[in-house]
Amino acid sequence: MQNTIGKNASPFEFSLRLIDVLAIEVASQLASLLHFNVLLQDGTPIQTALVFLCCALAFLLLPQLGLYNSWRGRSMAVMFGRIAAAWALVLLIGLFFSFLIHHVGYVSRLWVFYWYVIGVGLLVLSRIVVYSTL
């Protein structure tokens, strides 16, 4: 029996990273529709810049936080908690950079909250779908 996932671990991890970035982008659009009733492109430029920054940070930081390690035999609740904590860290770093360029005042706190909650939901949902297909 061949170990297909073991042989293709790097492309598999890269695919999961892209799925996570896509989930974060979709979450930002859904949060914008929920809060502003418009797509994110029609909002303030700082929110679009914050989304781009957080997507790049997620692509770079989430592997460092152990989200793509093997979770076989471990608790799913711990994995979901780690996802929520990692996404919170990425979002806080993005908000910190917005603070440094003096534009954090233009970012809606309610939109950020919606983005975080929807983002956690989509990240968890993507993990459930991926692990159930494996």
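The legends below describe close-up views of a predicted model of the protein.

**Figure 1. Overall fold of the predicted model.** The secondary structure consists of five helices and zero strands, and from the N terminus on the elements run α-α-α-α-α. Along the principal axes, the C-alpha atoms fill a box of roughly 55 × 30 × 25 Å. The protein has 134 residues, of which 35% count as buried. Among contacts between residues at least 6 apart in sequence, 79% join residues at least 24 apart. The exposed area of the protein is about 8,000 Å², and carbon and sulfur atoms supply 69% of it.

**Figure 2. The salt bridge between Asp 20 and Arg 127.** The side chains of Asp 20 and Arg 127 meet with an N to O distance of 2.8 Å. Asp 20 belongs to helix α2 and Arg 127 to helix α5, so the pair ties together parts that are 107 residues apart in sequence. Asp 20 is buried, at 1% relative accessibility. Arg 127 is buried as well, with a relative accessible area of 2%. The salt bridges in the model come to two; the other view of this kind is given in Figure 3.

**Figure 3. The salt bridge between Arg 17 and Glu 13.** Here the side chains of Arg 17 and Glu 13 meet at 3.9 Å, N to O. The cut-off for a salt bridge is 4 Å, so the pair at 3.9 Å is counted. Both residues are in helix α2, four residues apart, and are therefore separated by about one helical turn. An α-helix has 3.6 residues a turn, so residues three or four places apart point the same way. Arg 17 has 16% relative accessibility and counts as buried, because the limit for that class is under 20%. Glu 13, at 28%, counts as partly exposed.

**Figure 4. Surroundings of Ser 32 in helix α2.** Helix α2 covers residues 9–36 and includes Ser 32. Ser 32 has a relative accessible area of 1% and is buried. With neighbours within four places in sequence left aside, Ser 32 is in contact with Asn 37, Val 38, Leu 39, Leu 40 and Trp 111. One of these partners, Trp 111, is listed among the buried residues of α5.

**Figure 5. Helix α3.** Helix α3 takes in residues 45–61, which makes 17 residues. Its first and last C-alpha atoms are 24 Å apart, close to the 24 Å expected at 1.5 Å a residue. The buried residues of α3 are Ile 46, Gln 47, Leu 50, Val 51, Cys 54, Cys 55, Leu 57 and Ala 58.

**Figure 6. Helix α4 and its two ends.** Helix α4 spans residues 76–100. For its 25 residues, 1.5 Å a residue gives an expected span of 36 Å, and the end C-alpha atoms are 36 Å apart, which agrees. At the N-terminal end, Ser 75 caps the helix: a side-chain oxygen of Ser 75 lies 3.2 Å from the backbone nitrogen of Ala 77. Just after α4, His 102 takes a positive phi of about 60°. Buried in α4 are Met 79, Ile 83, Ala 84, Ala 86, Trp 87, Val 90, Leu 91, Gly 94 and Ser 98.

**Figure 7. A nonpolar surface patch that includes Val 104.** The patch is formed by Phe 96, Phe 97, Phe 99, Leu 100, Ile 101 and Val 104. Together these residues have about 560 Å² of accessible area. Val 104 is placed in the loop between α4 and α5. With a relative accessible area of 31%, Val 104 is partly exposed. A patch residue needs over 30%, so Val 104 qualifies at 31%.

**Figure 8. Helix α5 and the position of Val 129.** Helix α5 covers residues 109–133. It has 25 residues and reaches 36 Å from its first C-alpha to its last, close to the 36 Å expected at 1.5 Å a residue. Its buried residues are Trp 111, Val 112, Trp 115, Gly 119, Val 120, Leu 123, Val 124, Ser 126, Arg 127 and Val 130. Val 129 is also in α5 but counts as partly exposed, at 45% relative accessibility. Val 129 and Leu 39 are 90 residues apart along the chain, and their C-alpha atoms are separated by 26 Å.

How values were computed:
Residues are numbered from 1 along each chain as its sequence is written. This is a predicted model: local features need pLDDT of at least 70, side-chain atom pairs count only at pLDDT 80 or more; totals for chains, interfaces and linings use all residues. Side-chain values use heavy atoms; hydrogens and water are left out. Helices (H or I, at least four residues) and strands (E, at least two) are DSSP runs, numbered from the N terminus. The expected span of a helix is 1.5 Å times one less than its number of residues. Buried means under 20% relative accessible area, exposed over 50%, partly exposed in between (1.4 Å probe, protein chains only). A polar contact is a pair of N or O atoms within 3.5 Å; within protein, one must be able to donate a hydrogen and the other to accept it, and residues adjacent in sequence count only if both atoms are side-chain atoms. Contact means heavy atoms within 4.5 Å. Patches are made of residues with over 30% relative accessible area and no salt bridge: like charges are joined within 9 Å, nonpolar side chains (Val, Leu, Ile, Met, Phe, Trp, Tyr) within 5 Å. Accessible areas come from the Shrake-Rupley method with a 1.4 Å probe; for residues, only the protein chains shown count as cover.
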